[in-house]
Each structure stands twice: as C-alpha cells, then as structure tokens.
Amino acid sequence: MNICFLHLHLLVLSKHKDQFDNLEKHTQWGIDILEKYIKFVKERTEIELSYAKQLRNLSKKYQPKKNSKDEEEYRYTACQAFLSTLNETNDYAGQHEVISETMTSQITVELARYVQELKQERKSYFHDGRKAQQHIETCWKQLESSKRRFERDCKEADRAQQYFEKMDADINVTKADVEKARQQAQIRHQMAEDSKADYSSILQKFNHEQHAYYHTHIPSIFQKIQEMEEKRIVKIGKSLKKYAELDQEVIPIIGKCLDGIVKAADSIDQKNDSQLVIEAYKSGFEPPGDIEFEDYTQPMKRTVSDNSLSNSRGEGKPELKFGGKSKGKLWPFIKKNKGATPEDFSNLPPEQRRKRLQQKVDELNKEMQKEMDQRDAITKMKDVYLKNPQMGDPASLDHKLTEVNQNIEKLRLEAQKFEAWLAEVEGILPARGEQARRQSGMYDTQNPPAINSCAQDRESPDGSYTEEQSQESEVKVLATDFDDEFDDEEPLPAIGTCKALYTFEGQNEGTISVVEGETLHVIEEDKGDGWTRIRRSEDEEGYVPTSYVEVYLDKNAKGAKTYI
C-alpha cells in the first residue's frame, strides 16, 4: 500500500478496467484479513471464558464441604494455605473473564461494526468508479458513431460529385438529368458538412469528459480508496495494540493473586500444625512402667499364673496397673472396640473422651435453651390468653407446655449424666447435684429442683452413676405467677420504635390504645403470640397486635433478650 493510488491513472489510459478490478480485489482482501482477525479474537475470548470456567470449577471442586470432615482439616495452616490458593485461583479465573469481556466489547464488537461501515464505504467508491467508467464509455461510443457517420457522409458526397461530373460531361444525357445529379451532389455535400460539425462537437465534448475522467474523477476515487485502505490498516494496528494492552491491564491483578498464594505458603507453621495434631489425638494415658523380671529358674515360681502375662495383669500387680479405665492393658497396644460406640465414649482415650463428652454436654445445653425459650413463649401466650380470653383458650396450651417441660427435663437428666461422666474423666469426685449446677447454672432460676437427692447420689461400684430412676424422680413443673415476674422486673429498655398503622382501642387489661400514625417505643418483640409490647411514656406501656404496627428495631439492640 505504499504505492500512491494517484499515479495509477497513468496506467488506466490503456487498461483502466483492469486497475479497478485489481483495486477491488485488493480491498476485498483487506476486508477478509480484518474479518479473519475478528474471528481470531472471538475464538480467543471463548478460550478465555472456557479456561476461566474450568478454573472456577476446579477451585469449587476442592473447596471444603460445609459440616463435613474436610472442614475440620482446614484448622491446619497448610490446609488454610491450600484454601487460600483455591480462592486466589478463583480470583485468577475472574481476570480471564475480564480479558474475554473487554476483548469482546473493545475489539470484536467494535471491529465488526467497522467492517460493516467499511463494506458500505468501499461499495460506494467502486459504484462511483463504475459509474464514471460507464459514462466515459458512453461518450466514446457517441464519438465513434458520429465519426463513422461523418466518414460515410463524406464518401457519399464524393460519389454524388463524381456522378454529377460524369452526367455533365455526357452529351447524350438530358439537361434535366444533369440538374438532378447536381442537386443530389449538393445535398450529399451538405450532409457531409453537417456530420463534420456534429463530429467536431462530440469530439470536443469527449475530450473534455476524458480529461475530467482521468484527471479529476478517477484520481479522486482512487484517493478515497487509498484513504479507506490506510484507515483499515491503522485500525488493525490499533486493535493489535489494544489486544496486548488488555492483557497487560490484568497482569498486576494476576500478580496480586500469585502474591496471595506465596503469602499463604509463607504463613504455613509446621509447629502449629504439629501441636494441633497433638491436641486432637492426645490420649491422656500414662506410659507403662517397667515389666518385672520373672525368674523361671526357681521351680516354686514356675506356675501358670507367673508364666502368663495376662494372668499376672489380671491379679493386679502394681507394676502392671495403668491409669484411667484401661486397667490391665498394655498401652499403647490397646485394640479399638470395633462394635457400637458406647454412650459414655469409654472406648476412647481419656483426653479424646473428655472432648467428646464436653461436646455432648454443650449440644444438650443448646437444645435445652431452645426448649426453654419455647416454654417462655408459650407461658407468655397463655398469660395473654388469661388476660384476654377473646384471643384464645389458655387451656389449649397446657398440653404443649407439659410436652415442652418434659423435653426440658429429659434433656436436663441427659446433660447431668454426661456431666457426671465428664467429671469422672477430669478426675473430679462426682457430686451429681453440684456438677449439674456447675455446668448448667443458668437453668436454676427457670426450673425447680425435681430429682430426688438419693437418686442423684447413687453410684455404681466402679464409681460411675447408675441410670436407675424411679417414676417418683420425674420433674413436676411448678406454675409461676406471670404478673409477679413483671412487678419485680426493672423497666425494660427500648429496643426500637414502631409506627401505628391502624387505630387500636386497648380495652382489655395489659393492652394499650394507639392512634394511627403514632410513634412509640418497642420494648419487647413478638414472641410468636401475635402481640408486641410497646411504651408511650415511663408509666404507660402494654401490648398491641403486631399486625397493627410497623416495627423498626435498633440494630445494636437486635438479638438482646427482652424476656428471661
């Protein structure tokens, strides 16, 4: 394209059609190159998207499953570093998605639009060129036609003149025939003159059109085609540069992802991981003492019991006794029980058993707290029904309340049982009543003592508690006076505000009247009974239907217990 198209008109003097064909082929080739580059970038974006998707799936595949054993493994720093690597890989995949999106929007889409414009522009220029060609060809044909007509008329005039001269020289020809031949010669001569004038005029016009064609129209069209072609070349160059720049833009972010992986690798602490393994699998057993030498040279000592290691252990020699419940066993050569896991986890080493028992106690306490919260809500609802009979029958809640109290007592007994086993493992003398209050003292104010002290102090011969309990030891839930509790409580703090959506006439005891649009303080949320406790002033508070107000809780107060 370094050849200036303005000079091509010199060649068009001989083969102007061929030059237009050459330029048309070349410009079409340029468009094909541009479309090929667009296709290349499009396939690159698809590869980037596919690669990003595969990286994301890979990262997701190795992410720890929630509430699974894999999640526990990520306590170790090496596993945490691997998790960080997975997360950074996911971010790394995101940068490839960015490359794909930016290349699509800034290269593929833009070039596709430019190609359509280029095709229209190219079509317009070659249309003008073909039109100019057709015009000059038409002028040339007119010139050729007038020239042939002038030539024919001249020949006809010469023949008529010669015929006249021949007739005039012949004495046998009449005067009328001579006159007729003379007039015919004059007509032909006039026709030749007219053809000459017409030919001269058309020739001048053709020369003017030809000059304009070769010096104005064609150079102008070629110049426009040259500019169009150079613009296309510049466009490809800019797109190639943009192609590289889009990759360069994400390199710093990809570098940060890789730096994050390196940082995670540097954070691995082998000592910490080793300590976690020690804590996780620490048994708590004492190392065995030295085994006494048994002398078989003396016949009096050569007995079956002396020769049997198991029997000697069974006789309870001090040297072969080990701590914990593993009496008579040679630690660490203890075989694991392959049967069902005992309820007290006695198949585990002391330290592991202590952890499992503590975990079980915590789970039971959480379940017990949920049941107590449910009991409180039912009690409050029953109190509201007692004060407002039209809202519901209080007796309908007795069965549910009894069921919840039974669940609480079952959980309490279960927790006390595991707490006793826990105390045994920890080396504390089992005092069942005191142990229960040490682990679950928060329940004392809500549940009256219901277990017979004699049953609590019953122990098995090996020091653990028996599970024999008579029907007399079942819990008897005592009714509490709901009004007295509120009389003894201090004023509850406001946990938010509310706006009355409708007017409510609080005619029953415990309720409060509100007016539509009024703003009040919320001091207790709806506990599931359909009522919200609000306050207008220090001495004026009560319940309103929750559906009558729109509540706005304070985030700082959200989650605070309003009733215990």
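The bend at a residue is the angle between two fitted axes, one for the seven residues ending there and one for the seven starting there. Keep that in mind for helix α4. There is a kink of about 45° in α4, and it is centred on Tyr213. One caution before I go on: this is a predicted model.

Let's stay with α4. The helix runs over residues 175–266. It has 92 residues. From first C-alpha to last, α4 reaches 133 Å. At 1.5 Å a residue you would expect 136 Å, so the two are close.

Now the residue at the kink. Is Tyr213 buried or exposed? Its relative accessible area is 2%, so Tyr213 is buried. Its neighbour in the chain, Tyr214, has a relative accessible area of 8%, so Tyr214 is buried as well.

Next, helix α3. That one covers residues 77–169. With 93 residues at 1.5 Å each, α3 should span 138 Å. Its end C-alpha atoms are 135 Å apart, which agrees. α3 has a bend too, of about 40°, and the residue there is Thr104.

What sits between these helices? Start with the nonpolar core. The largest one has 36 residues. Which residues have the most contacts inside it? They are Phe20, Leu34, Met103, Ile107, Tyr213 and Ile225. So Tyr213 comes up twice: at the kink of α4, and in that list. Three elements give two or more residues to this core: α1, α3 and α4. Of these, α4 gives the most, with 15 residues. For background, nonpolar side chains in soluble globular proteins tend to be buried together.

On to aromatics. The count comes to nine aromatic pairs. Take Phe150 and Tyr199. Their ring centres are 5.9 Å apart and their planes meet at 10°; planes under 30 degrees apart count as stacked, so this pair is stacked. Phe150 lies in α3 and Tyr199 in α4, so the pair ties together parts that are 49 residues apart in sequence. Both Phe150 and Tyr199 are buried.

Compare the two tyrosines at the kink. The rings of Tyr213 and Tyr214 have centres 4.7 Å apart and planes at 80°. The cut-off for edge-to-face is over 60 degrees, so that is what this pair is. There is also one aromatic cluster further along the chain, formed by Tyr502, Phe504, Trp531 and Tyr548.

Two charges over rings. Lys235 has its charged end over the ring of Tyr114, 5.5 Å from the centre. Arg75 lies over the face of Tyr76, and there the distance to the ring centre is 5.4 Å.

Now some pairs that are far apart in sequence. Ile33 belongs to helix α1, residues 9–61. Ile33 and Ile236 are separated by 203 residues in sequence, yet their C-alpha atoms are 9.2 Å apart. Ile33 has a relative accessible area of 28%, so the label is partly exposed.

Second pair: Leu203 and Leu143. Leu203 lies in α4. The two leucines are 60 residues apart in sequence and 6.0 Å apart in space, C-alpha to C-alpha. Leu203 is partly exposed, at a relative accessible area of 27%.

Third pair: Val361 and Phe418. Val361 is in helix α8, residues 350–387. The sequence gap is 57 residues, and the C-alpha distance is 6.3 Å. How accessible is Val361? At 0% relative accessibility, Val361 counts as buried.

Last, cysteines. How many disulfides does the count give? Zero. A pair would need its sulfur atoms within 2.5 Å. As for individual cysteines, Cys79 is at 22% relative accessibility, so Cys79 counts as partly exposed. Cys257 is at 6%, so Cys257 counts as buried. The cut-off for buried is under 20%.

To close, look at Tyr213 again on the screen. Tyr213 is the centre of the α4 kink. Tyr213 is buried. Its ring pairs edge-to-face with Tyr214. That's the tour.

Methods. Residues are numbered from 1 along each chain as its sequence is written. This is a predicted model: local features need pLDDT of at least 70, side-chain atom pairs count only at pLDDT 80 or more; totals for chains, interfaces and linings use all residues. Side-chain values use heavy atoms; hydrogens and water are left out. Buried means under 20% relative accessible area, exposed over 50%, partly exposed in between (1.4 Å probe, protein chains only). Rings of Phe, Tyr and Trp (its six-membered ring) pair if their centres lie within 6.5 Å; planes under 30 degrees apart count as stacked, over 60 as edge-to-face and the rest as tilted. Helices (H or I, at least four residues) and strands (E, at least two) are DSSP runs, numbered from the N terminus. A charge sits over a ring if NZ of Lys or CZ of Arg is within 6 Å of the ring centre and within 35 degrees of the ring normal. The expected span of a helix is 1.5 Å times one less than its number of residues. A nonpolar core is a set of buried Ala, Val, Leu, Ile, Met, Phe, Trp, Tyr and Cys residues joined through side-chain atoms within 4.5 Å.
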